[in-house]
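Hi,

Here is the structure I said I'd pass on. Have it open while you read the notes below.

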Amino acid sequence: MRFDTIIIGGGLSGLTAGLRLQKAGRKTAIVSAGQNALHFASGVFGVLNEGAVLPEGHPYSRIDTDKYLEEVKPFFLEADIRLGGDARKNGWRLSPSGAMLEGRFSLEEATLFPAKEDLKADKALIVTVPGFLDFNTAFLADGLEKRGIPARVASMDVQELTDLRTSPSEMRSVNIARVADGIPGKVVEAVKALIRDEDLVILPQVFGIQDAAIPAQIAEAIPARVLFVGTMPPSVPGIRTQLKLKRAYERVGGTFLMGDEVVAPVMDETHVKALRTVNLGDQLLQADHYILATGSFFSKGLASSMQKVYEPLFGLDVDYPEDRMKWYDLDFFAPQAYGGFGVMTDPAFRALKGGAVIENLYVAGSVLAGCFSQQFGCGGGVAILTAFAVADNILKEDTKR
């Protein structure tokens with residue numbers, strides 16, 4: 001099977017690069033093993049936290065960040081994903097711990113405040129689903145109390161949601177969403193029955209897995225300000241975003257190989273020649289260009305042993321200190337060095353192996369070296385902007401031919 005570009009990884013970075021290339025008239029394919037970091041997303045894409053300093057050679061230093069930031073909202077809107085936030089500066093969101101964290105763009109139901117101090121209320125009501133353990137109401141209430149907002153916790157009385165408790169494994173955000181999305185009116189009435197004199201109602205992000213309008217419909221019908229706050233994974237807004245991007249990619253002709261995995265590249269010293277996957281067996285995938293968008297440790301884009309950190313598919317050069325004691329900090333809450341480990345590239349985001357450039361293999365997203373989560377809040381901004389840059393670099397390379 002022959003394509004112009006093959007992308008390894010079907011998460012935010014891979015889908016963004018594939019959609020950009022496909023809309024530019026290129027024939028592309030995405031090989032996706034399945035679950036990715038979008039399924040764990042908070043609903044907010046970070047870019048660079050206040051006061052953070054980019055390490056030398058960071059991917060952002062190689063691209064026109066300001067230009068790409070202005071393109072993010074219209075790009076996602078074409079995939080029917082409406083983003084809030086300001087392309088020029090960070091906002092602040094309420095996290096599941098009750099702390100205020102930075103972010104640049106947010107999905108519709110994830111509110112971004114212009115400043116930390118803008119979250120104000122006389123009293124807050126935190127509403128959860130009975131038996132739902134992936135929404136830590138105690139942490140959230142404690143965080144709000146520290147901000148001077150008294151908080152009360154209550155469970156909504158909706159029979160259809162209560163019935164999910166018959167199977168503990170069903171009490172996950174996605175399962176709740178599938179039921180709750182069919183009964184938004186009952187959810188609204190249950191929440192309204194709980195309100196006393198609170199002017200702020202906080203709900204878990206367990207609504208709108210297919211339809212982004214449902215959270216807004218619920219919020220508009222409740223007689224108080226409503227905030228939706230993230231839960232433990234899986235993430236309902238993250239899954240919905242991935243589904244919408246995938247549909248948009250396939251609508252413009254992209255080939256999405258779901259549930260497949262690249263197991264063996266065919267390459268020489270300077271070029272990738274083809275890819276072998278689990279499902280296709282002896283039928284090779286061939287392209288002019290390839291993009292590695294496999295994510296970091298969580299998505300298995302990086303791996304480690306007691307002796308080394310490595311990129312498992314191509315054996316690419318990874319930036320990390322040889323001294324294992326420098327990989328991490330014993331203080332769990334301190335910035336962890338391994339969060340910035342990743343694949344090394346040239347200025348055009350082409351991968352390095354043994355110090356040599358692999359001419360047709362590009363790298364995008366959090367598998368890149370230098371993408372510290374402490375600086376960016378999440379890998380979303382890195383995924384989007386580097387995907388833009390890599391896609392554009394490929395398009396420029398094609399024009400030279």
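Below is what I found, one region at a time.

Before anything else, keep in mind that this is a predicted model.

Let's start with the sheet. It is an open one with four strands, in the order 9-8-10-11, and the pairing is parallel. At its edges sit strand 9 (151–155) and strand 11 (225–229), each of which pairs on one side only. Going from one strand to the next, the twist averages 25°. If you want to look at one pair in detail, try strand 8 (residues 124–128) and strand 9: they run parallel and are joined by five bridges. A handy place to find that pair is Ala124, which stands opposite Ala151 in strand 9.

There is also a helix lying on this sheet. Helix 3 (residues 137–146) packs on it and touches strand 8, strand 9, strand 10 (200–204) and strand 11. The direction of helix 3 makes about 170° with that of strand 8.

Next up is helix 5 (residues 173–180). Is it mostly covered or mostly open? Mostly covered: six of its eight residues are buried. Those are Ser173, Val174, Asn175, Ile176, Ala177 and Ala180. What do they pack against? Their neighbours are helix 4 (159–162), helix 6 (184–194) and helix 8 (236–251).

Now for a pair of crossing helices. The axes of helix 2 (residues 65–77) and helix 10 (residues 380–399) come within 10 Å and cross at roughly 100°. That angle is why helix 2 counts as roughly perpendicular to helix 10. On the helix 2 side, the residues in contact are Thr65, Lys67, Tyr68, Leu69, Glu71, Val72, Phe75 and Phe76. They meet Ile384, Leu385, Phe388, Ala389 and Asp392 in helix 10. Sorted by class, this contact has nine nonpolar, one polar and three charged residues.

Last, a single residue to click on: Gln336. You'll find it in the loop between strand 18 (318–319) and strand 19 (342–343). Why does Gln336 count as buried? Because its relative accessible area is 10%, and the cut-off for buried is under 20%. Its side chain makes polar contacts with the backbone too: the side chain of Gln336 reaches the backbone nitrogen of Asp329 at 2.6 Å, and the backbone oxygen of Asp331 at 3.0 Å.

Have a look around and write back with any questions.

Cheers

Key: Residues are numbered from 1 along each chain as its sequence is written. This is a predicted model: local features need pLDDT of at least 70, side-chain atom pairs count only at pLDDT 80 or more; totals for chains, interfaces and linings use all residues. Side-chain values use heavy atoms; hydrogens and water are left out. Buried means under 20% relative accessible area, exposed over 50%, partly exposed in between (1.4 Å probe, protein chains only). Helices (H or I, at least four residues) and strands (E, at least two) are DSSP runs, numbered from the N terminus. Contact means heavy atoms within 4.5 Å. Two strands pair if DSSP finds at least two bridges between them. Axes are lines fitted to C-alpha atoms, for helices over the stretch in contact, and angles run from 0 to 180 degrees between N-to-C directions. Angles under 35 degrees count as roughly parallel, over 145 as roughly antiparallel, 65 to 115 as roughly perpendicular and the rest as oblique. Ala, Val, Leu, Ile, Met, Phe, Trp, Tyr, Cys and Pro count as nonpolar, Asp, Glu, Lys and Arg as charged, and the others, Gly among them, as polar. A polar contact is a pair of N or O atoms within 3.5 Å; within protein, one must be able to donate a hydrogen and the other to accept it, and residues adjacent in sequence count only if both atoms are side-chain atoms.
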